[in-house]
Amino acid sequence: MSNEKRATQLEELLRRSASIDEEEWRGARRSFTARAHSDGLIGVAFEDHDTPLGTLRINATGAGIVRIALPGEDFEEVLEDLAGKVSARILRTSSPPITRARHELDDYFAGELRTFTLPIDWTLVRAFRRRVLYATAQIPYGETSSYRGVATAAGSPNAVRAAGSALARNPLPIIVPCHRVLRSGGALGQYAGGLEAKVQLLSLEKAI
Amino acid sequence: MSGEKQMSDRRPPNPRRRPSASPLVPFETILEQHGPAVLRFCVARLGSDRGEEASQETLIAALRNYEQLRNPAAVAGWLFSIAQHKIIDLERSRTPVPISHEQIEQLAGGREDTDRIEGIWPQVARLPPKQRDAVALRYLADLSHADIARAMDTTEEAARRNVFEGLKRLRKDLAASGPVPSHEMTPSAVLPT
């Protein structure tokens with residue numbers, strides 16, 4: 001047998017021995033995640049959650065929900081954005097705010113919850129944009145407002161366009177109900193999750 | 001107030017902003033990409049229980065210090081250099097300790113922590129340390145020579161040489177000690193014919 005052949009076979013043997021199976025890794029991963037939680041090392045925890053709109057991704061810091069990604073969004077891109085802006089110490093795991101969000105979202109889609117009371121982390125939204133989202137959060141279940149309406153409520157009646165852009169970049173859709181904001185005159189306007197999703201949410205709330 | 005003064009005043013260390021401009025990928029991605037190899041690497045070196053312990057210590061230390069990582073491209077080398085240190089720490093802590101009744105029963109039943117140091121790895125463990133580490137990083141962790149160099153704090157050329165010398169010595173040892181106790185492969189495949 002040639003030396004080269006023997007070398008390759010030795011390498012193959014080295015690679016193949018000491019294997020671990022999927023189940024073993026999952027177990028080790030679980031205990032690592034539990035330890036990361038108890039040591040307070042997780043910057044952002046995330047989990048996927050199925051709803052009538054499709055699968056949402058719920059992202060939370062210790063302080064609260066920081067970002068909800070809608071089915072149409074690129075979840076990996078959202079994670080990369082969070083890594084840059086909030087923390088790169090991101091893990092797929094549950095956390096108290098995520099569990100709470102799952103329950104409230106389920107109740108909301110079942111028509112049994114009208115106001116979200118889960119903790120929110122506003123890190124991703126600053127200044128005027130945050131004021132616009134605060135104003136949006138005040139629109140009652142089943143009612144709608146206009147871009148001008150939220151701009152006014154945010155203290156800048158003329159900043160209609162800026163209000164529209166703040167809503168388009170709402171990191172907390174559904175929870176901060178930007179779907180309740182329509183064009184003056186009642187046209188639907190835009191929605192990050194697609195117009196169909198906007199209609200679905202408004203119909204659920206019997207707002208249209 | 002001068003603009004310069006303002007600048008220096010406005011520079012408190014912000015833990016959220018890293019000094020380096022290159023973005024870090026979410027730790028989750030690192031974990032899924034390298035986590036199983038870290039576990040494999042530690043278990044092959046230390047056995048199931050202590051191996052899993054070393055693996056967890058490695059990943060926790062990595063997560064704790066992740067945002068201080070200067071060169072995201074070298075993440076694999078960095079991760080396995082931590083693993084390397086954790087393994088050494090745990091090997092050092094292998095001092096005789098009073099053992100419990102259950103442990104005695106376990107040992108009597110033939111169950112030891114070395115159960116998973118299987119196949120060819122006991123032979124690898126007997127290589128000179130640098131060769132042993134380089135071979136383990138190459139074949140258990142599946143690292144490139146550049147990443148091995150980083151993990152072992154040496155040059156790429158030295159890493160390549162350590163892997164090469166390790167393999168050479170391993171072949172020689174195997175030829176001298178007889179067949180490899182592995183059902184995955186016939187002895188003749190590793191022994192010179």
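Colleague: How should I read solvent exposure here, and is Ala127(A) buried or exposed?

Modeller: Ala127(A) is exposed, with a relative accessible area of 58%, where buried stands for under 20%, exposed for over 50% and partly exposed for what lies in between, using a 1.4 Å probe on protein chains only. This is a predicted model, in which local features need pLDDT of at least 70 and side-chain atom pairs pLDDT 80 or more, while totals for chains, interfaces and linings use all residues. Residues are numbered from 1 along each chain as its sequence is written, chains are lettered from A and ligands numbered from 1 in the order written, and side-chain values use heavy atoms, without hydrogens or water.

Colleague: Which residues other than glycine have a positive phi, and where do they lie?

Modeller: Ala127(A), with a phi of about 45°, belongs to helix H5 (residues 127-137) of chain A, helices being DSSP runs of H or I with at least four residues and strands runs of E with at least two, numbered from the N terminus. Asp153(B) has a phi near 55°, and it sits in the loop between helix H8 (145-152) and helix H9 (156-177) of chain B; its relative accessibility of 72% makes Asp153(B) exposed.

Colleague: How do I recognise the buried side of a helix, and which residues of H3(A) are buried?

Modeller: An α-helix has 3.6 residues a turn, so residues three or four places apart point the same way. In helix H3 (residues 75-85) of chain A, the buried residues are Phe75(A), Val78(A), Leu79(A), Leu82(A) and Ala83(A). They lie on the same side of H3(A), because they cover an arc of only 140° around the axis, taken from the directions between the helix axis and the C-beta atoms. Their cover includes strands E1 (44-51), E2 (54-60), E3 (65-69) and E4 (90-92) of chain A, a contact being heavy atoms within 4.5 Å.

Colleague: How is enclosed space found, and how many cavities of 30 Å³ or more are there?

Modeller: Rolling a probe the size of a water molecule over the atoms shows where empty space is left. A cavity is a set of points, on a 1 Å grid over the protein atoms alone, where a 1.4 Å probe fits but cannot get out, and lining residues have an atom within 4 Å of a point. The structure holds 1 cavity of 30 Å³ or more, and the largest cavity has about 30 Å³ of space, a volume being the space filled by probe spheres set on the points. Its lining consists of Trp25(A), Ala28(A), Ser31(A), Phe32(A), Glu52(B), Ser55(B), Gln56(B) and Leu59(B); helix H2 (22-38) of chain A and helix H3 (48-65) of chain B each give two or more residues to that lining.

Terms used. 1 Å grid on protein atoms, 1.4 Å probe; cavity = no way out; pocket = protein on both sides within 12 Å on 5 of 7 lines; lining within 4 Å.
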